[in-house]
Amino acid sequence: MNDDKTIISSRNNRDSDAADRTVMLQLGVKVSLLDVNESILKVFIFTNNFSVGRSSDNDIVIKSKAVSRHHLAIKKEQGWWIHDLDSANGTYINDQQIVQKTSLSLPASVSLGKAGISLKIEIVRQVNDDGHQAHILKEIPLPGVTIRIENSIRDHSKEELKARLLAKSEAEGLGNHTRMIRSIIHEDRVAHGKKHRKFIWALSALFLISIAFIIYQQITISNARTLAIDMFYDIKVLEVSLSQSEIRLTESAEVLDLTIDAILSKKLEIDQKVIEVEQEKIVAERQRVAQQRQMLKKMKARYQQYVEQAKPYRLGLSSGKHYEEDLIARVARGFGESELELPEGFMNEVKRYISLWQQSSRMQHAMARLETYGYTPIIMNALENEGLSLYFVYLPLQESDYDPNAIGPQTRFGVAKGAWQFLATTGQEYGLSPGPLENAREYDELDERFDFALATHAGAKYLKNIYSTEAQASGLLVLASYNYGQTRVRQMINKMEDDPRQRNFWRLIQQFDIPKETYDYVFFIFAAAVIGEDPLHFGFGFKPLLYSSSLK
């Protein structure tokens with residue numbers, strides 16, 4: 001051996017145990033690696049091209065400084081040919097250096113430079129194992145023999161080979177190599193089968209969990225919905241009761257004040273204790289109503305929690321469609337309607353009227369007038385004093401575009417005047433004095449219907465009266481009554497079932513043929529209230545009048 005401690009290895013099998021191995025071979029060459037004393041160091045068998053050099057990516061790796069990284073290559077090209085790969089120390093055949101591609105006449109002795117390392121290359125011919133043209137290399141009783149494995153089964157098509165390897169039962173006459181491959185395939189099938197079963201079980205478990213979650217969600221939503229609806233109608237009953245109590249309380253206080261004024265003006269003698277007792281009754285009633293109002297506020301908060309629980313879960317970001325539907329539901333709740341029982345098609349109908357507002361400049365101009373003249377706080381204060389929803393702020397929008405000098409057409413009932421479009425008789429009922437031109441289509445400075453503040457106060461009282469009677473706190477029935485005539489609508493409502501669950505606007509339009517004017521009136525106001533929640537979203541430039549947190 002040389003002083004540079006030549007180390008020889010095979011890239012394909014350097015970590016394998018080459019002894020006791022039976023390998024299928026094609027007809028090829030046996031390459032014996034010899035040292036300076038021509039002793040065999042390693043034996044390789046190749047059936048195709050191979051390379052020799054110091055780099056680990058060669059087929060025969062020789063760790064010697066005398067050997068180039070890529071020293072030579074031997075290729076099978078209608079015979080065996082040797083190529084020197086520009087080696088530093090040259091390649092020699094029978095002591096003659098080659099400079100180009102040279103045919104090998106086997107057997108041949110190939111030397112790598114002057115290092116004394118050589119290759120003895122011979123043709124190998126072995127007998128077959130199972131009747132096919134696949135050759136078996138018998139055991140080579142040399143220590144450290146390394147074999148380059150080349151698998152080949154001839155005379156079989158791809159389909160036949162696949163059938164032999166994948167068949168459930170083993171065919172007769174199979175070679176050892178074929179049996180080994182079948183064994184590997186079987187083990188792989190078993191492993192993949194276990195993984196597949198685990199995946200199926202995991203998927204099934206996930207599916208069952210999803211089904212259980214959906215069922216639980218539906219039960220939770222159903223229970224929350226039932227509780228919310230029941231609480232909604234409890235709220236309705238309490239609201240009607242409170243409104244009626246407040247109306248009676250106001251009337252009693254007014255009567256008592258008038259009585260005291262009459263006593264003082266006529267200097268009548270009356271037991272002061274009687275007056276004090278009546279005053280104490282009024283104070284006590286006011287305290288009771290205030291307590292009831294606080295309880296009502298808590299009930300509404302609890303109701304809202306049930307409503308949120310009753311809504312189906314939505315994945316992902318909320319779409320524009322869902323956002324608008326949430327606004328519509330919020331406005332329905334503000335008008336005293338059950339948002340969980342909105343009839344089919346109601347959402348789309350509201351959107352249609354929103355579109356009608358968008359096609360006109362009327363709402364933008366009316367809202368500008370409202371802001372310019374500072375009418376908003378006047379309306380809000382009047383509605384709050386009567387315990388009404390602030391969404392009724394949009395009623396005079398539909399009546400008059402908030403124009404305090406508006407005058408309606410001549411009708412058999414008279415002429416409606418002012419921002420709230422009161423008839424003279426209805427205005428007088430709620431404290432508005434008509435002027436001498438009450439039935440003429442002319443402006444009259446003496447007619448209090450043209451006074452925005454007075455008319456707004458009267459309008460709020462009128463709405464509360466409707467709200468607390470046959471309308472049973474249904475805001476949309478209140479709107480219909482205001483437009484259509486309280487008495488006529490009351491007659492229709494009295495024909496409906498005596499159940500607050502059945503008394504709402506959509507039941508009314510299902511059972512009765514109301515005028516298109518009234519139908520439009522209700523939906524225009526409702527749609528305006530939805531737009532008012534987020535004007536910019538709907539393409540309007542005015543500021544929102546109110547927010548849900550301030551709704552009654």
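Two strands pair if DSSP finds at least two bridges between them, and the strands themselves are DSSP runs of E with at least two residues, just as helices are runs of H or I with at least four, numbered from the N terminus. With that in hand, take strand E8: Ile82 stands opposite Thr102 in E11. E8 and E11 (residues 102–103) run antiparallel and are joined by 2 bridges.

A word on the model: it is predicted, so local features need pLDDT of at least 70 and side-chain atom pairs pLDDT 80 or more, while totals for chains, interfaces and linings use all residues. Residues are numbered from 1 along each chain as its sequence is written, and side-chain values use heavy atoms, without hydrogens or water.

Back to E8 (residues 80–84). Strand E7 (residues 72–76) runs antiparallel to E8, with 5 bridges between them; Leu72, for one, has Asp84 as its bridge partner. The two make a hairpin with 3 residues in between, and Gln78 in that turn has a positive phi of about 55 degrees.

Now for helix H11 (residues 475–484), where 9 of the 10 residues are buried (under 20% relative accessible area; exposed is over 50%, partly exposed in between, with a 1.4 Å probe and protein chains only). Among the buried ones are Leu476, Val478 and Tyr482.

Helix H2 (residues 176–266) holds Glu251, which is partly exposed at 45%. Glu251 joins Glu254, Asp257 and Asp261 in a negative surface patch. Lys194, also in H2, is partly exposed at 47% and belongs to a positive surface patch with Lys195, Arg197 and Lys198. Patch residues have over 30% relative accessible area and no salt bridge, with like charges joined within 9 Å and nonpolar side chains within 5 Å; a salt bridge puts a Lys or Arg side-chain nitrogen within 4 Å of an Asp or Glu carboxyl oxygen.

How values were computed
Areas by Shrake-Rupley, 256 points an atom, 1.4 Å probe, with all protein chains shown as cover. Lys, Arg positive; Asp, Glu negative; His and termini not counted. Charge placed at Lys NZ, Arg CZ, Asp CG, Glu CD.
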